[in-house]
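Let us take a friendly walk through this model, beginning where two chains meet and ending with a few local details of the backbone.

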There are 2 protein chains.
Amino acid sequence: MAPPAAIDVLPESDTSTFTLPDRLTIQSVAKRRAAEGRLVAGVAAIADVDRFKGRNVHAHKSKAKRWDHRFSLESSTRLPSSLKGAAQYLKNPGMISLGGGLPSSEYFPFEQVSVKVPDAGSFDTKSNYSTVSAGKHDLAEGISDFDIATAFNYGQGYGAAQFLRWIVEHTEIIHSPPYQDWSCTMTVGSTSAIDMGLRMFTKRGDWILSEEFTFPTAVEAAAPMGVRVAGVSVDADGLRADALDEVLTNWDESVRGGAKPFILYTVPTGQNPTGSTQPFQRRKDIYAVAQKHDLIIFEDEPYYFLQMDPYTGLDSPAAAPPASHAAFLQSLVPSYLSLDVDGRVMRLDSFSKVIAPGSRVGWITASEQIVERYRQHADVSTQSPSGMSQLLLFKTLDEHWGHAGYLDWLMHIRAEYTARRNVLLDACERHVPRAIASWSPPAAGMFHWFRIDYARHPQFASKSRAQIEDEIFHAVVARGSLLMKGSWFCPEGQKDGDAMFFRATYAATPLGDIKEGVRRFGQALRDVFGLEGANGHPNGSNGHS
Amino acid sequence: MAPPAAIDVLPESDTSTFTLPDRLTIQSVAKRRAAEGRLVAGVAAIADVDRFKGRNVHAHKSKAKRWDHRFSLESSTRLPSSLKGAAQYLKNPGMISLGGGLPSSEYFPFEQVSVKVPDAGSFDTKSNYSTVSAGKHDLAEGISDFDIATAFNYGQGYGAAQFLRWIVEHTEIIHSPPYQDWSCTMTVGSTSAIDMGLRMFTKRGDWILSEEFTFPTAVEAAAPMGVRVAGVSVDADGLRADALDEVLTNWDESVRGGAKPFILYTVPTGQNPTGSTQPFQRRKDIYAVAQKHDLIIFEDEPYYFLQMDPYTGLDSPAAAPPASHAAFLQSLVPSYLSLDVDGRVMRLDSFSKVIAPGSRVGWITASEQIVERYRQHADVSTQSPSGMSQLLLFKTLDEHWGHAGYLDWLMHIRAEYTARRNVLLDACERHVPRAIASWSPPAAGMFHWFRIDYARHPQFASKSRAQIEDEIFHAVVARGSLLMKGSWFCPEGQKDGDAMFFRATYAATPLGDIKEGVRRFGQALRDVFGLEGANGHPNGSNGHS
């Protein structure tokens, strides 16, 4: 939290010449599938990711760098399963297997599973629903590519081929990774992916890097492993590339008690807790720093599709939705994955914020070398995510909506969160005293970050920063509203003189309660700081700090 | 694999006076629930396990021993989530939360989920099915205790209160743990529980103990952590208590290069790969050794409910099913958990072999201290298991079947596996030459273990043990049948002179293929060992080795 030091000029990077890639389109996915023929993947089938990526489509690209020098002892000594070697003989015609201990689907007490979902085209009106169903033997009976007998049995560490295909295609449509040997493997959620990623690359005594305010669970996953998180300064555009370069360039192993870090954990879009979104140029600058210092980037993107139209002031009408899928995709800030010529990004995707957290299905995209390390760990720990979840997601996202319908859903969700954000920001304009609090309207995600000018506190001279933060927190609670202290998100802690923040979310609170909760927050600030000010009276300014 | 050394007389143990506990009954569960009133547990609600266990029911029992001296650095330094502390304020009346980033169920695109399951009472005949459904707001609407809005959102590390209640009750009905502060927490499967259990108790350089032939995934999970597995001799009754005591008593740290182990990983029932089941007396003897050497026992029991009637010879009729739930429970060999006066057992339960592996839902039962360590790790890694899985399981096991129906289902599954085992054993009697192969009929699970008298191989004098094992394996494969080499299950490897085994499973292969697969195995043995013998001709002996 010290003021930023003078920085180096950033190195030249070949990302500077990037334009948006020629993305795979929904139409070309359909053609690719038709050319490949029907996917027939039985219980625990090996998935051919190259088939899902399209043969020869990526052959002109360079391969990812090798990361052998970065893997932990645990990860680099992990061997493939010995028993899986025996599976090769199952390909022999007429082979009878008395080998593997997978149960028979005959003994699964589930004949059919169904889910009622809205139809694409009616997400805003909620006028049409369909019930989509999977039977036990739909695959064998030619009814579907996926069924209960397959999904509810054991699987591979990367999940079922049927749903992995959809994930690989979706990833290519959105990000079109610019190197050849990218791959995807399912996770049981991004929190697990952080845990497994840390075990893949770090050892006790190491440091990793993140935003100076970050997702506490990542810090709490790392701490018991003896891995510390070094915070990098942020501004309204999120993580600062210059600050990242400065931390790495001036890393003093003797002061830090640990080697120069090479893992950057970042939430580029709608960052938790600051709500900031890194613009495209910032991402290119940070990628260049990552190249300079040979970093691996954990790109954690649960809020990626919750990118919003700009906030245009109190009571402004909603912006028009994107005119097409292409316009929607064009409106998204490109990901690190889409910039990743080196294969140094491990991107974490999640359904938690756009479908449902309870699916416990997510995925990572990274170079085949990293994905292989991940998958082999999954094979002896989490295994595949729930087959029940995979089947419900497949029926909805692949069979019922398809890629086009899913983009429609994402546009719908994005508009809903934008409306929620606007309710919160309007309430801030009306109720939160700008003499004390300042903020930037979030451009993505579900979090809003207030900066508090606590130098204006009446007892600033005699109270510590922590005391004032605590006083405000409890004053807000006493008035019946709960926001989070900024210091809870600070992995290295905060000290006197550091800036003070509070985090609010507009994720799930009913709209009327958002307004009232913000009003209570504003009133608490007025009371704590001894300000005059009528309840419910606008501050009179529409400008943003 | 050396011959067993002379052993100590086992110490006196207070488990020797045990009788089967007074088990909680299905009827008393219903009374307990009625007395507690309706369970109202919303999104990510804190579960009150003491309520599910029954207040004051366990107060007369001793508390578990403390395991502070056994936890790894990682586990003992893991702190609870800082943000979760803020949740206490949500109890304030009228509190508006702008705190937690949980999404609104409004944005889950699932209105209803349904599953078609057989009705209790018709499991054998498959004559009656019901479709059970969950709506989005069944909890708020008073229709059910669990719904999509709750199950599909974020949860606690131990899973949802609604399904955890069922798990706790089931555990008490079956095992009635004899100490006060036992608890349960859900897992994303027992393989993950092994991974997390190892991280809880071990460090690089440590050894753990298991059967000399064991589940390879456990070994493969441990190896990259630098944790080695010391095999303990087995006999037809599984792990030998005397051999366990001998290994521990004579443990030489300088020879082994690691401290005396204190984790015993065991599969007491239908062990993989040997198919052996430890009788009650064996379990009591092993528990006494665990007390003597202060061990923690990982009791991994996926096959616990697949305990079978004795095999009574070729073409014998099926035994009558148990006359009642009580008779069924009485027929089960008591678990380590039911003997566990000290709270030294971490029992791993799984739905994989009795419901469906794809649920990726299991649970551990252990002392509250161990469960708390597990749960806190889950909070920053796997989180809760899939809410989609939990909801389908809850609708089936709790609401539709209830505890009584689930016991009926387990009796049904047990009879099905018994029939499969009998088909395999009948085929062995008919086709496998007893001059070369010997076996004990498995009393549980899904595995059968052949011992091969390879001293009778024509080139025994000139070929190594490994060469002969490989020759047999490939001869069987060449004849169109796949069995697993015993040496693949041996964590310390096998050397010349060690016994030779092959594993067959009757889990899922169609019955006709089981017969043919065993016939091919027998023919391959005859060919490799140069035996005469007509295909399909019985060996003429019904006796078992």
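What follows covers the symmetry, the interface, the salt bridges and some backbone features of a predicted model.

**How the copies are related**

Two copies of a chain are related by a rotation about an axis and a shift along it. Here, a turn of 180° with a shift of 0.0 Å along the axis lays chain A on chain B, and the RMSD is 0.0 Å. That is the relation of a two-fold axis. If you would like a landmark for the axis in chain A, look for Ser114(A): its C-alpha is the nearest to the axis, at 2.5 Å.

**The interface**

How many residues does each chain bring to the contact? Chain A contributes 106 residues and chain B contributes 106 residues. Of the interface residues of chain A, 100% are also interface residues in chain B, so the copies meet through the same surface.

The size of an interface is often given as the accessible area lost when the parts come together. For chain A and chain B, the buried area is about 8,900 Å², and carbon and sulfur atoms account for 63% of it. Which three residues supply more than any other three of the area that chain A buries against chain B? They are Ile96(A), Leu98(A) and Tyr107(A), which supply 10% of that area.

Polar groups take part as well. Between chain A and chain B there are 41 residue pairs in polar contact, with both partners at pLDDT 80 or more. On the side of chain A that touches chain B, helix H14 (residues 387–431) of chain A gives the most, with 12 residues. Sorted by class, that side of chain A has 54 nonpolar, 34 polar and 18 charged residues.

The backbone also links the chains. Strand S1 (residues 96–97) of chain A runs parallel to strand S15 (residues 481–482) of chain B, and 2 bridges join them. Within this pairing, Ser97(A) is opposite Leu482(B) in S15(B).

**Salt bridges**

Over all chains, the structure holds 72 salt bridges, and 4 salt bridges cross the interface of chain A and chain B. Here are two examples, one between the chains and one within chain A.

| Salt bridge | N to O distance |
|---|---|
| Glu74(A) with Arg199(B) | 2.8 Å |
| Arg32(A) with Glu172(A) | 3.0 Å |

In the second pair, Arg32(A) belongs to helix H1 (residues 26–36) of chain A and Glu172(A) to helix H5 (residues 161–175) of chain A, so the salt bridge ties together parts that are 140 residues apart in sequence.

**Backbone details**

Where is the cis proline of chain A, Pro273(A), found? Pro273(A) is in the loop between strand S9 (263–266) and helix H10 (280–292) of chain A. The peptide bond leading to Pro273(A) from Asn272(A) is cis, with omega near 15°. In chain B, the bond from Asn272(B) to Pro273(B) is cis, with omega near 15°, and Pro273(B) lies in the loop between strand S9 (263–266) and helix H10 (280–292) of chain B.

One more residue deserves a look. Ser176(A) has a phi near 40°, a positive value in a residue other than glycine. This serine, Ser176(A), sits in the loop between H5 and strand S4 (182–187) of chain A.

Definitions and conventions
Residues are numbered from 1 along each chain as its sequence is written. Chains are lettered from A and ligands numbered from 1 in the order in which they are written. This is a predicted model: local features need pLDDT of at least 70, side-chain atom pairs count only at pLDDT 80 or more; totals for chains, interfaces and linings use all residues. Side-chain values use heavy atoms; hydrogens and water are left out. Contact means heavy atoms within 4.5 Å. Buried area is the accessible area (1.4 Å probe) that two parts lose on being put together, summed over both. A salt bridge is a side-chain nitrogen of Lys or Arg within 4 Å of a carboxyl oxygen of Asp or Glu. A polar contact is a pair of N or O atoms within 3.5 Å; within protein, one must be able to donate a hydrogen and the other to accept it, and residues adjacent in sequence count only if both atoms are side-chain atoms. Helices (H or I, at least four residues) and strands (E, at least two) are DSSP runs, numbered from the N terminus. Ala, Val, Leu, Ile, Met, Phe, Trp, Tyr, Cys and Pro count as nonpolar, Asp, Glu, Lys and Arg as charged, and the others, Gly among them, as polar. Two strands pair if DSSP finds at least two bridges between them. Copies are superposed by least squares on the C-alpha atoms of residues with pLDDT of at least 70 in both.
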